Amino acid sequence: MKIIYSILFASFSLLSWTSCSSYLEENPKDRLDEETAYSTLSDVQKNGVLSLYNYVGGYVDSQGLQGTGRGIYDLNTFTTDEAIMPTRGGDWYDGGFWQGLYLHRWGVNNEAIYATWEYLYRTVILCNGSLERIQDFAEKHPKENVADCVAEVRALRAMFYYYIMDLFGSVPLIEKSNPEVEDIVQEKRSKVFNFIVKELAESSSLLSKERSNQPGVYYGRMTQPVVWFLLAKLALNAEVYTDDDWTDGSRPDGKSIFFEVEGQRLNAWQTVNYYCEKITAAGYTLEKDYTANFAVFNESSEENIFVIPMSKTLYTNQFIYLFRSRHYNHAKAYGLSGENGSSATKEVLETFGYDTPQVDARFDYCYFAGPVKDLEGNQILLDDGVTPLVYEPWNVALDVSGKPYEKTAGARMKKYEVDKTGLKDGKLLDNDIVLFRYADVLLMQSEAKVRNGEDGDAELNLVRSRVGMAPRTATLKNLLDERMMELAWEGWRRQDMIRFGVFTRSYSCRPQLPGEENGYTTVFPIPEKVIDMNPQLHQHKGY
């Protein structure tokens, strides 16, 4: 069962906000007038709440939280030591875009960064509009209870602000659907952080306790466990998010950052543990089979917490990551298409212990390497019909043009099960896209305990034992490595590297930029187009 949410888009004007307001204006043929669209409580829920979930996934570049290219996922993945898009002759140079991400040379006029900014603020503005219309309805119908609708929209808006604040640091905090230019001012990162925490904490008790990852009324929606996950993630990164000058070489101490949590005063690490425990108490657990979380029709997962619902026949949400990673002949052997692009870095190979007797079991779950076979176990061949297709992980580099391994360098993405009946070259499929899952909860909990001077071995080794790997001591280094292995291709690596203080270091194919050691690239620049239209906004240090 899949639920289709009816769509009602409102038009908003933000000419004072940006040079192009078209991204805030939608005029579908079936647009309803506002009075009709919000005449009953059912209409309010459908058009003021459920319609907003159409923006969680996407089908064009820079739209959606995951699934599409040149957006949040790529900014969080191809800027790290986890993934690389090698230039392969005439393929994947794209004006230097992918090399620029990997080298941290993205500049202030990067179109993908600008489009991501637009997408995120667009959703915030739409949430603001919904809140205003719900309030109008409540004033006209005082006997109707809209508290749960308000809470759900506030929580959803807070999630989008979480991504804005994580990517861009110090940003405008807008709570109106049609703000005046004087309302659009840049706030300190810590203020935006506190706003997000407050919105989530105050909304939580009014949300459903139901699972968001499983089909039903709350499928793909903000529920209490989703909010608890976000609150844990915010507390885990509190040292970063409460630091209003990320270029001065110092951060607040998580033991000295306090949260008011249901009548308790807890430091950042205790807060992480508190919300992780709530998720455990709600019945989430590790799937016995790691791969079940990413299978076709993975809605039954006991581990997944928040997903982008996918259906190749009901939704337009796309998932391009497998499509763009596989060699053409590899994809063709599945009856699909491929773009022969994204690959694992050498750091990934070293962390997993690839090519050694101690290789982590998850490497085979997450990556294609060496000879490649089709779904029936037959060797896939290159175009000559004789030479086997063999991926060469160690030959990966930023530019492999003209090399014998130009088309075969790099281990490729394997994490999601192949949907043999996928449509649109395999970009429309029935594997829900996993955003939050319980393994991350355990790793957050382990890390928070270690940072608070406690023993985090139990949580770490629950994750490792699930895949048959030997126990390890929970140290910060081991936890960073574990997150690379457990959460490969899931879009967390940039945030993790920043939190662990290693995002700006040099690694294979990526020298440190001049001056980057001060941390200025740990946030993306405010797009120059946005600053040009509003003199109240200023560019971050270093750009």
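In this tour, a residue is buried when its relative accessible area is under 20%, exposed when it is over 50%, and partly exposed in between (1.4 Å probe, protein chains only). Helices (H or I, at least four residues) and strands (E, at least two) are DSSP runs, numbered from the N terminus.

You are looking at a predicted model, in which local features need pLDDT of at least 70, side-chain atom pairs count only at pLDDT 80 or more, and totals for chains, interfaces and linings use all residues. Residues are numbered from 1 along each chain as its sequence is written, and side-chain values use heavy atoms, with hydrogens and water left out.

**Stop 1: helix 7**

Select residues 189-204. This is helix 7, with 16 residues, and it reaches 23 Å from its first C-alpha to its last, close to the 22 Å expected. That expected span is 1.5 Å times one less than the number of residues. Now colour its buried residues, among them Val192, Phe193, Phe195, Ile196, Val197 and Leu200. What lies over them? Show helix 6 (147-168), helix 8 (224-236), helix 9 (238-241) and strand 2 (258-261), which are included in the cover.

**Stop 2: strands 2 and 3**

Stay with strand 2 and add strand 3 (residues 264-267): the two run antiparallel and are joined by 4 bridges. Strands are said to pair if DSSP finds at least two bridges between them. Look across from Glu260 and you will find Arg265 in strand 3. The two strands form a hairpin with 2 residues between them, and Glu262 in the turn has a positive phi of about 50 degrees.

Next, turn strand 2 to compare its faces. Phe259 and Val261 make up the covered face, while Phe258 and Glu260 are on the uncovered one. In a regular strand, side chains alternate between the two faces of the sheet.

**Stop 3: two unusual backbone angles**

Most residues other than glycine have a negative phi. Select His104, in the loop between helix 4 (97-103) and helix 5 (111-140); its phi is positive, near 65 degrees. His104 counts as buried because its relative accessibility is 3%.

Then go to Asp425, in the loop between strand 9 (412-413) and strand 10 (433-437). Asp425 is not a glycine, yet has a positive phi of about 65 degrees. Is Asp425 buried or partly exposed? At 36% relative accessibility, Asp425 counts as partly exposed.

**Stop 4: Lys312**

Centre on Lys312, in the loop between strand 4 (304-308) and helix 11 (321-325). Lys312 is buried, because its relative accessibility is 12%. Leaving aside neighbours within four places in sequence, Lys312 is in contact (heavy atoms within 4.5 Å) with residues including Thr421, Gly422, Leu423, Leu428 and Leu429.

Which side chains make polar contacts with the side chain of Lys312? Asp419 does so at 3.0 Å, and Asp430 at 2.3 Å. A polar contact is a pair of N or O atoms within 3.5 Å; within protein, one must be able to donate a hydrogen and the other to accept it, and residues adjacent in sequence count only if both atoms are side-chain atoms.

**Stop 5: the cysteines**

Finally, select Cys149, which is buried because its relative accessibility is 4%. Why does Cys149 have no bond to Cys127? The sulfur of Cys127 is the closest cysteine sulfur, but at 13 Å it is too far for a bond. With a disulfide taken as a pair of cysteine sulfur atoms within 2.5 Å, the count comes to 0 disulfides. Cys366 is another buried residue to pick out, at 0% relative accessibility.
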